[in-house]
Amino acid sequence: MASSFTFMPPKIGVLNISDRASAGVYADTPGQACVALLREWLVTPFELDYRIIPDEQPVIEAELRRMADEAGCCLVVTTGGTGPAPRDVTPEATLAVCQKILPGFGELMRATSLKYVPTAILSRQTAGIRGRTLIVNLPGRPKAIRENLEAVFPAIPYCIDLFEGPRLETIPTAMKAFRPPA
Amino acid sequence: MASSFTFMPPKIGVLNISDRASAGVYADTPGQACVALLREWLVTPFELDYRIIPDEQPVIEAELRRMADEAGCCLVVTTGGTGPAPRDVTPEATLAVCQKILPGFGELMRATSLKYVPTAILSRQTAGIRGRTLIVNLPGRPKAIRENLEAVFPAIPYCIDLFEGPRLETIPTAMKAFRPPA
Amino acid sequence: MASSFTFMPPKIGVLNISDRASAGVYADTPGQACVALLREWLVTPFELDYRIIPDEQPVIEAELRRMADEAGCCLVVTTGGTGPAPRDVTPEATLAVCQKILPGFGELMRATSLKYVPTAILSRQTAGIRGRTLIVNLPGRPKAIRENLEAVFPAIPYCIDLFEGPRLETIPTAMKAFRPPA
């Protein structure tokens, strides 16, 4: 029997969390902004798992679990639902499904946004790990998505290495990932 | 029956948490410092709900719940009880009554205080939302109260907008509140 | 009956958390780096409680409890186990045994490490208080240990004062501790 080596591209989940986008009232601009950034920075081909869901905590948790456990995404980025409004529950859903919390992501993203707007402190975004999946909350506005993901992305490929996920390589001129010397 | 439109001024709670101040041993300087800042910055007239209580977690929780649920304060600022001493339990009481935690407030207040004293990292102050009430922990020393509240106040009126509380307007020359363009 | 006054030196715990070091595969360099820093900075003589243990959460919790409750250490510094790898569980063990969490320590240590490496946000290190013991998580690499402990140490003697632990004095030319004027 012939054996063949097949490259399985890593999977990345993009989860657009928005009542209005999921109802078709709004364009899914934040999710598309994430996809555009991943394509701009990553040289590693990846398979995209893209969903638009409403701001319902059980729905968000179920989708995060599916993307992590069933789809096997090494990275899931969420957009939206991180503010102080009653419907904003993305951080609670993220904390509920993750085994490890990474407070440094939220700290750095808020510090970065504070250079632009004093309301950055209202963002409750966080990050964490479920099994072999890194989950990162991003805000809902495309400009803020870029500023935030740009700040934390240099640490993401090495984070995925540390839980033995697939090796992600970036285009160094677009995004310089950092891996400490062994 | 004649109907009349009555302007109900927003309520703001100031909760001075201190064993010694509540026993009358100390003047309630920290609470008064908060009131003075609110009067210096806010152009919107507000009704003040002012209390001095000891560092007892059940008492603090009960008072935060009363100010939020019964008095209907849109904002409650606490002073004192945020340090590492055994009697310091204000953050625990705040976390216990809030449905949403806003870690960015504590991060920014500590980073601000760090410019003045290296012991700023000992402050465990946080902020959160209970229903339609924003609760913000402040330190106990008047100088630190000003430094801390000044750092986070620009985001407070918009935060209250986001959970559909009353509109607070500041005197722009004294305190510039920020609301992102719609 | 003659009474004598005996100076009991304060106890400090150094807990090197590493599967490989505890198996003797690795030298216990991180723990030794902590001891060297404490000896470089502290003028107060102290008794050292030094252990090397594997990355097992129940073992770490038991050791932290022993150092706090039985040995009576006023300060315990841990090294290692703060990253996102599956075996990294030091912060979880720390959170589990502490009554009070001090988020400012982790925030400042990550902000400090961010000046050197963008992967600093992957460190989940924290600090907290159990009874009369301050527990501080440090990273595993000696260079990072110095950078991190140097950043937070100025606040440590005053923190121990606040829960009525022993008075630690530093060599001011090596490490300037800060105590606010009474």
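How many residues does the contact take from chain A, and how many from chain B? It takes 15 residues from chain A and 18 residues from chain B, where two residues are in contact if their C-beta atoms, placed from the backbone, lie within 7 Å.

The model is a predicted one, in which local features need pLDDT of at least 70, side-chain atom pairs count only at pLDDT 80 or more, and totals for chains, interfaces and linings use all residues. Residues are numbered from 1 along each chain as its sequence is written, chains are lettered from A and ligands are numbered from 1 in the order in which they are written.

**Stop 1: chains A and B**

Select the side of chain A that touches chain B. By class, this side has eight nonpolar, four polar and three charged residues. Here Ala, Val, Leu, Ile, Met, Phe, Trp, Tyr, Cys and Pro count as nonpolar, Asp, Glu, Lys and Arg as charged, and the others, Gly among them, as polar.

Now show both chains whole. Chain A is superposed on chain B by a rotation of 120° with 0.0 Å of shift along its axis, at an RMSD of 0.0 Å; the fit is by least squares on the C-alpha atoms of residues with pLDDT of at least 70 in both copies. Select A:Glu107: in chain A, its C-alpha is the one nearest the axis, 4.3 Å from it. Only 7% of the interface residues of chain A are also interface residues in chain B, so the copies meet through different surfaces.

**Stop 2: chains C and A**

Add chain C. The contact takes 15 residues from chain C and 18 residues from chain A. On the side of chain C that touches chain A, eight residues are nonpolar, four are polar and three are charged.

A rotation of 120° with 0.0 Å of shift along its axis brings chain C onto chain A, with an RMSD of 0.0 Å. That is the relation of a three-fold axis. Select C:Glu107, which of the residues of chain C comes closest to the rotation axis, at 4.3 Å (C-alpha). These copies use different surfaces as well: 7% of the contact residues of chain C recur in chain A.

**Stop 3: the sheet of chain B**

Hide the other chains and colour chain B by secondary structure. Helices (H or I, at least four residues) and strands (E, at least two) are DSSP runs, numbered from the N terminus. Six strands make an open sheet in the order E2-E1-E3-E6-E5-E4 (chain B), and the pairing is mixed; two strands pair if DSSP finds at least two bridges between them. Strand E2 (47-53) and strand E4 (100-101) of chain B stand at the edges with a single partner strand each, so one side of each is left without a neighbour in the sheet.

Inside the sheet, select strand E3 (residues 75-79) and strand E6 (residues 133-138) of chain B, which pair in the parallel sense over five bridges. B:Val76 has B:Ile135 in E6(B) as its bridge partner.

Next, select helix H2 (residues 29-41) of chain B. H2 packs on the sheet and touches strand E1 (11-17), E2, E3 and E6 of chain B; its direction makes about 155° with that of E1(B). Axes are lines fitted to C-alpha atoms, for helices over the stretch in contact, and angles run from 0 to 180 degrees between N-to-C directions. Helix H3 (residues 57-70) of chain B also packs on the sheet, touching E1, E2, E3, strand E5 (127-130) and E6 of chain B, and its direction makes about 170° with that of E2(B).

**Stop 4: helix pairs of chain B**

Keep H3(B) and add helix H4 (residues 90-97) of chain B: the two axes come within 9 Å and cross at roughly 45°. H3(B) and H4(B) are therefore oblique to each other; angles under 35 degrees count as roughly parallel, over 145 as roughly antiparallel, 65 to 115 as roughly perpendicular and the rest as oblique. Among the residues to label are B:Ile60 and B:Leu64 in H3(B), and B:Ala93 and B:Val97 in H4(B). By class, this contact of H3(B) with H4(B) has five nonpolar, three polar and three charged residues.

Finally, select helix H5 (residues 103-113) and helix H6 (residues 142-152) of chain B, whose axes come within 9 Å and cross at roughly 130°. That makes H5(B) oblique to H6(B). The contact residues include B:Phe105 and B:Leu108 of H5(B), and B:Ala144 and B:Ala151 of H6(B). In this contact of H5(B) with H6(B), six residues are nonpolar, three are polar and one is charged.
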